[in-house]
Amino acid sequence: MELFYFMVFGALGAVVAALELSKNSKDRINTSSAFNSFKNNYLLVYSLMMAGDWLQGPYVYYLYSTYGFGKGEIGQLFIAGFGSSMLFGTIVGSLADKQGRRRACVTYCITYILSCITKHSPEYKVLMVGRVLGGIATSLLFSAFESWLVAEHNKRGFEQQWLSLTFSKAIFLGNGLVAILSGLFGNLLVDSLSLGPVAPFDAAACFLAIGMAVILSSWTENFGDTSDNKDLLTQFRGAAVAIASDEKIALLGAIQSLFEGSMYTFVFLWTPALSPNDEEIPHGFIFATFMLASMLGSSLASRLMARSSPRVESYMQIVFVISSVSLLLPIVTNFLVAPSKVKGGSISFAGCLQLLGFCTFEACVGIFWPSIMKMRSQYIPEEARSTIMNFFRIPLNIFVCIVLYNVDAFPITVMFGMCSIFLFVASILQRRLMAISDKPKIENWSAMKERDPEAEPLNE
């Protein structure tokens, strides 16, 4: 492994350590012991849930290929997962508001465990069922847990500012440290212990089962809208009216879809970008480096959100611009650095520059997650939180399915250019959200009902 990779990893690690060790009273939020106990319980569960997710990611494609499936068949399996998240996942995730967020979190565990079990079968139909289950689980992971946290936090009477502490710590651990450890643990199971590519999925199921046991033994139930006369269709219509009637919610959904769509596209593109001529690159180590950069971002976010200025709506404009510029590097290097035509070998100079840009993008991802969580807690009505959050994922999943289906149809520079444009548009929308963020929320549904008389009120 080249010295360059160690230098980047070491530099990021040193910066993260320096940031965490140099925090002063202004960078920390004074909390109560009751809140600390609540926060630590949630962080334990969230870390176990993310371990169950991260263990699977690096080995899904590899497992399918060992079963003898080609690129086209594997692509169909991936599309099935995102399509399932868009269709079935949206319905199941929305049921969390009415049937209970704790119950939805347990459903996530059961669904994902069943998905892991299907990985033992080489049958295409069984694997397709597993992808459908995995898509449903993904929707629950990114809606039910956050919805439960916000509702429970408010129900227990904790200060609103303390939510940002839980969000930033959750991303620091779940999307940073746990991701790195999961990658190393998966590598140990597959390569060092030679247990085969299905071993990480068995380990993921174990972590999910442990997390489910913690949820069942220590979490209480909370709900959104519990009105008996509100069926699922009415709930969807109410969420759609809420988005259409409140510009802040609509802007937040558009910003989330643009950023996450670019992020998921980046996941598919970074490997061919760094090795266009089949250069030998350490995928696992680079993945760990990206996760360390994400930890750096979440550490920065915790500092920013601990202070009253700058506001989230303000600094996120800068974050989106930086992320947009960072994904322009593959295009810039393609023009400024003569591409190598030699097959194989080590990473090129252009690849090194792109790796630094990609680390910058991952740092922006680390800032994005806790920041978008905080904004969602402020602007999305509690009664339909899970429903609206899953509405936000519909355009995201459509976009990712289109990208997957056409991944070979466009040059990689075009794909990165498209992502850069999306991120720049997100910065413009964020600027608009900043401008209207001080406008009062819609206090009731009277204005909405003028547009949709059949809409049920979110606030009883």
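Trainee: Why is Glu152 called buried?

Mentor: In this predicted model, Glu152 has a relative accessibility of 2%. Buried means under 20%, so Glu152 counts as buried.

Trainee: And what makes Arg156 partly exposed?

Mentor: Its value is 39%. Partly exposed is the class between under 20% and over 50%, so Arg156 counts as partly exposed.

Trainee: How do you know that Glu152 forms a salt bridge with Arg156?

Mentor: Look at the closest N and O atoms of Glu152 and Arg156, which are 3.1 Å apart. The cut-off is within 4 Å, so the pair qualifies as a salt bridge. Glu152 and Arg156 also belong to a network of salt bridges that includes Lys155.

Trainee: What makes Asp246 and Lys248 a salt bridge?

Mentor: Here the closest N and O atoms are 3.6 Å apart. With a limit of 4 Å, this pair counts too, so we call it a salt bridge. As for burial, Asp246 has 9% relative accessibility and Lys248 has 4%. The limit is under 20%, so Asp246 is buried and so is Lys248.

Trainee: How many salt bridges does the structure hold?

Mentor: Seven. Another of them joins Arg376 to Glu146, with the closest N and O atoms 2.4 Å apart.

Trainee: Why do you say that the pair of Arg376 and Glu146 ties together parts apart in sequence?

Mentor: Arg376 sits in helix α16 (residues 349–379), while Glu146 belongs to helix α8 (residues 144–155). The two parts are 230 residues apart in sequence, so the pair links them across that separation. Both Arg376 and Glu146 are buried.

Trainee: Why is Arg101 called buried?

Mentor: Arg101 has a relative accessible area of 0%. That is under 20%, so Arg101 is buried. You will find Arg101 in helix α6 (residues 101–118). Beyond its sequence neighbours up to four places away, Arg101 touches residues including Trp148, Glu221, Phe223, Glu382 and Arg385.

Trainee: What share of the protein's residues is buried?

Mentor: Buried residues make up 56% of the 460.

Trainee: What makes the protein as compact as a globular protein of its length?

Mentor: First, the secondary structure: the protein has 19 helices and zero strands. Its radius of gyration is 22 Å, and the globule rule gives 23 Å for 460 residues. The two values are close, so the protein is as compact as a globular protein of that length. Along its principal axes, the C-alpha trace spans about 65 × 50 × 45 Å.

Notes:
Residues numbered from 1 in each chain as written. Predicted model: local features only at pLDDT ≥ 70, side-chain atom pairs only at ≥ 80, totals over all residues. Heavy atoms only, no water. Helix = DSSP H or I, 4+ residues; strand = E, 2+ residues; numbered from the N terminus. Rg over C-alpha atoms; globule rule 2.2 N^0.38 Å. Buried < 20%, exposed > 50% of the residue type's maximum accessible area, 1.4 Å probe, protein only. Contact = heavy atoms within 4.5 Å. Salt bridge = Lys/Arg side-chain N within 4 Å of Asp/Glu carboxyl O.
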